[in-house]
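Biologist: Hey, could you walk me through this one? I'm new to it, so plain words please.
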Amino acid sequence: MCLDQGAVAVDVPQRAAVVRSRPAALRATTRAMATDVTAHLVPRTEEDSGEEGERALGAGVASALEVFHEVEAACTRFGSSSALVRMNRSPDRWHRVPRVLFDALVEAHTAHDVTGGSFDPRVERALRALGYDRSLLFSSGDVVVHARPAVCAGSRGAWRPRFRHATGEVHLRGEPVDLGGIGKGLAVRWASARLAPLAIAYLLEAGGDCYAAGPGPDDGLGWRIAVEDPTGVEEPVAVLRVVDRAVTTSSVRLRTWRAGGKPVHHIVDPATGRPGGAGLLSVTTIGADPALGEVWSKSLFLAGRTRIATLARRRGLAALWVDEAGAIGTSDALAPYLMWRRP
Amino acid sequence: MAATEAVGRSAEPSTRATLSTTAALFGAAGTLEHAEEGLQPALSLPDELLAARDRVATARARTSRAGTRRRSRHRLGTVALVGSAVLATVAITEGYARTPLPGVANGTASGAAASSTANLSTLGGISRVLAADQKLIASLVKTEGTIASRYASAARAVGASQAAAKGAASGGVAASGAAPSGTSPATSLPPLPALPPVPAVSAPAAHATTGASSVP
C-alpha cells in the first residue's frame, strides 16, 4: 500500500490501497485480472466527513475493487483452481458453479445473441492451440510459444449452453469456453454498482475498460479519457469526454506473441479459430454498459479494417479505431464524445 | 385680393374669357390659389381687346419659334466648327509623327543598328528588372501567407489576443538573418520580424487512459 504524502489512509482490506490526495477526490487501486485497477471518486462530502465517514467510504471502495478479485478467481481459465477451469475439463456435463461464474456465463450467452454470434466464448481451444494456455509474460519482451501444428477450427452454429437458475448449474454442451472477452467488462459493471452509492462522481479504470459516472472532478463537464496510441506513440490518438458512459478498448499492442513462427494475438475470430481483425490495431467503443462495450469492441475488431465502419454504422455504435498504418477512424456516433483528436 | 372680389361680382361667366384673363393677370407663375380663382366666373372683355391679345400672342409665338431655330443653327455650327478644328489638328499631328526623322532618314545604316541595339539593351534591362520585381512580389506574398498561417495557428491555440500580444512583443527581436537565402542583394527582402513560438496543439490532460491492458 502506497500513500501519497499528506493523504488520509483509511482502514481497508489488504488488497486495495486507498489514497485521498485532495480533499475532494479519493483514489483507490488494486491489481487483478492481470491489470492495474483504479477507482477515482468525488465523495458525497456531507456524508463522508469525519473519521467514521472516511472509514465507511474506504470500506465501500475496497468492496467495489474486491469484485475484480472475485471475478478473476471464478472466471480465469488459467491455473487449476478456478471454477471455470474445472468446468472446462468436462464441458459435457452439469456443473454447479459460483454465482459470479454463473452470472458471467449468462451474460456471455446474452452477448453472443446480441452480436449475432460474432462474440463467442468457444475460442478456448483455439487460444490453447496458439499457446495462450497460461499467463504469458508479454512485458518481458518477445514471447515465443510452441503452438500445436493444427489450428483449431472455428465454432459451428449458435452457442446454446443450458442453465439451471434455481441451483446455479451450467452445462456447456461439450465445448470449453473463455470469458476473456467479457469478464473484465462484467467486473467493471458490478464494481460500479457498488461505487455508485458512495460518490457523486467516480471513474473506474481497469486497463482497457473504464466506466465514468457523474460530472467528473474538474469542470463538471465529464471525465476526460485518453485513447492510447497502439503504435506505441506516447501522445494519445484522441481524448474523449464522457458522463455516465463506459469506454472500452480492444488492442493487440501488448498481447501479441509468436506461435508456430507467426505473429499472433489474443483476439480470436470464432468463425475461423485464428486471430482476426485484419488491418486493425485497436478499437475503442463508448456505451452505457462496460460489459457490452467490451464485447462490441472485440466484435468490431474482428470485422477488420475493411468492414468496421459499416458494422459500426449499422449498429449505431460510437467507435474509434486505429489501423496498422496508424490512421484513425471514427463512427458518426462517436462525435458527441470526441473532445480532441490528433491531427 | 382685388381679383377675387372682381370674380365674385361677375354676372355672366365665360369660361374662355375667364381662363385668358387669369393667364393675363397672373401670368405663367400663377399659384394653385390663383388657378382655383380662375375657375370662378370671370370678367367679360370686349372683342377688340380679345383680338388684340390674340394677335400679340401669335406674334410672340412666331418670334419664339424663330429664336429657337436661330439658336439651334448657332449650336450646330459651333459644334461643327470645333469638331473640324479637332480633326484637322489630329491629322496634322499624326502626319508630323509619321514623318521620318531627318537624322534617321539621312543617317547611315550602322547608326540605325547602333540605336536599335541600344534600345534592345534597354528593353532587356527593363525586362530583367521586371522579372526581379515579380520574384520579389511572389516572395513577399509567400512570406505573408506563412506569417498569416502561423499567426492563425497561434491564435487558435492560445487565443487571438495572446497571440497578437506575443507577436507585438517579439516584433523587433532577432531581426537579423531573417532574409530568405538565395536572393540577390538587389532583390533581398527587408528583415522580417521574428515569429512568436507556435504552441503545439497537444492533447488535453485526461483523467484516465483506455488502451491495451497492462500485463503481468
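Modeller: Let's begin with a sheet in chain A: three strands in the order β4-β7-β6, an open sheet with antiparallel pairing. Bear in mind that this is a predicted model.

Biologist: Okay, which are the edge strands there?

Modeller: Those are β4 (94-96) and β6 (162-164) of chain A, and each of them pairs on one side only.

Biologist: And how much are neighbouring strands of this sheet turned against each other on average?

Modeller: By 20°, if you ignore direction.

Biologist: Let's zoom in on β6(A) and β7(A). How many bridges do they pair over?

Modeller: Three bridges, with β6(A) antiparallel to β7(A), which covers residues 169-171. If you want a spot to click on, Phe163(A) sits opposite Val170(A) in β7(A).

Biologist: Which helix lies across β6 and β7 of chain A?

Modeller: That's α4 of chain A, residues 99-114, and it runs at about 140° to β6(A).

Biologist: New topic: the two chains. How many residues does the contact take from each?

Modeller: Chain A gives 38 residues and chain B gives 16. Between them the chains bury about 2100 Å², and 57% of that is on carbon and sulfur atoms.

Biologist: What kinds of residues are on the side of chain B that touches chain A?

Modeller: Nine are nonpolar and seven are polar, with no charged ones on that side of chain B.

Biologist: How many salt bridges does the rule find across the interface, then?

Modeller: Zero between chain B and chain A. For polar contacts, though, the count between the two chains is 11 residue pairs, both residues being at pLDDT 80 or more.

Biologist: Which strands of chain A and chain B pair with each other?

Modeller: Strand β10 of chain A (residues 223-227) and strand β1 of chain B (residues 208-210) do, in the parallel sense over three bridges. Ala226(A) is opposite Thr209(B) in that pairing.

Biologist: So what order do the strands have in that sheet?

Modeller: The order is β20(A)-β11(A)-β10(A)-β1(B), an open sheet of four strands with mixed pairing. At the edges are β20 (338-341) of chain A and β1 of chain B, each pairing on one side only. From one strand to the next, the twist averages 25°.

Biologist: Do β11(A) and β20(A) run parallel or antiparallel?

Modeller: Antiparallel, with three bridges joining β20(A) to β11(A), which spans residues 238-242. Ala238(A) has Arg341(A) as its bridge partner in β20(A).

Biologist: And what do strands of a sheet pair through?

Modeller: Backbone hydrogen bonds, whether the pairing is parallel or antiparallel.

Key:
Residues numbered from 1 in each chain as written. Chains lettered and ligands numbered in written order. Predicted model: local features only at pLDDT ≥ 70, side-chain atom pairs only at ≥ 80, totals over all residues. Heavy atoms only, no water. Contact = heavy atoms within 4.5 Å. Buried area = accessible area lost by both parts, 1.4 Å probe. Salt bridge = Lys/Arg side-chain N within 4 Å of Asp/Glu carboxyl O. Polar contact = N/O pair within 3.5 Å; in protein donor to acceptor, adjacent residues only side chain to side chain. Nonpolar A, V, L, I, M, F, W, Y, C, P; charged D, E, K, R; others polar. Pairing = 2+ DSSP bridges. Helix = DSSP H or I, 4+ residues; strand = E, 2+ residues; numbered from the N terminus. Axes fitted to C-alpha atoms, helices over the stretch in contact; angles between N-to-C directions.
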